[in-house]
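Grab a pencil and work through a few short exercises on this structure. Each one comes with a solution in steps.

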Amino acid sequence: MLSSKTSRRLVALALGTGLVSAALGTAVPASAQPAPVAPATANARYVGGAEGAAGNKAFFDAVLKSVVKRQTANPSLASVTVYYNASQAPSFRSQISSAASIWNSSVSNVKLQSTTGGADFTYYEGNDSRGSYASTNGHGSGYIFLDYAQNRQYDSIRVTAHETGHVLGLPDHYSGPCSELMSGGGPGTSCTNRYPNTTERSRVNQLWANGLAKALAKVNKAA
């Protein structure tokens, strides 16, 4: 883990170069790894705040682009797989595995699989006043950051499954009930539901059927 002095320098550098990362999915350079900072009492990104639909879509589009590149290079692939690397979040290895299993048992058009090599996105861990979030540069790679304090306050597997939902294309809906995974921390700390509801499952299946087909068709037409 980075020292507090190094962390402050990285944060200052990020601000100085105009790095902007709004809640849950706003584009940031993939080369800029999240720098742990002092935790705050409120973790806005999981309970509400300045998140935007455009940022959520950016993360999905980036992962989709990465998957399309792989599918185009290997047209014989029978299924669509999104690869993740959890080596940078060792404290959350169990939660990440559980979140992947939850999504793999909930949807049929896309599967999540762990890898230690090249991945479509990566998990990181640390302390961040912004809480847990998903972020991308919009060019085929991104990461999910899991905040220590927030994961102690809320059900950790729900937090992880929620953030992973952004990878699969789902936006936040903090005003929703506990039965909605993408309601995040909106229902409060007592909510421990870790599974997407029927609407969320259908939406992910639709996105990975229609979205992938359109993206592949666009690539083939350009070729």
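The expected span of a helix is 1.5 Å times one less than its number of residues. Keep in mind that the model is predicted.

**Exercise 1.** Check the length of helix H6 against its expected span.

*Solution.* Start with the count: H6 has twelve residues, so at 1.5 Å a residue the helix should span 16 Å. Next, take the C-alpha atoms at its ends, which lie 17 Å apart. The two values agree.

**Exercise 2.** Work out how many residues of H6 are buried, and look at what follows the helix.

*Solution.* Buried means under 20% relative accessible area. Twelve of the twelve residues of H6 are buried, so the helix is mostly covered by that cut-off. Among them are Arg158, His162, Glu163 and His166, along with Ile157 and Val159. After H6 comes Gly169, with a positive phi near 110°.

**Exercise 3.** Find the disulfide and describe its geometry and its place in the chain.

*Solution.* The cut-off is a pair of cysteine sulfur atoms within 2.5 Å. The sulfur atoms of Cys178 and Cys191 sit 2.0 Å apart, so these two form a disulfide. The count comes to one disulfide. The link has 90° about the S-S bond and is right-handed. Both Cys178 and Cys191 lie in the loop between H6 (156-167) and H7 (198-222), 13 residues apart.

**Exercise 4.** Is each cysteine of the pair buried, partly exposed or exposed?

*Solution.* Cys178 has 26% relative accessibility, so it counts as partly exposed. Cys191 has a relative accessible area of 3%, so it is buried.

How values were computed: Residues numbered from 1 in each chain as written. Predicted model: local features only at pLDDT ≥ 70, side-chain atom pairs only at ≥ 80, totals over all residues. Heavy atoms only, no water. Helix = DSSP H or I, 4+ residues; strand = E, 2+ residues; numbered from the N terminus. Buried < 20%, exposed > 50% of the residue type's maximum accessible area, 1.4 Å probe, protein only.
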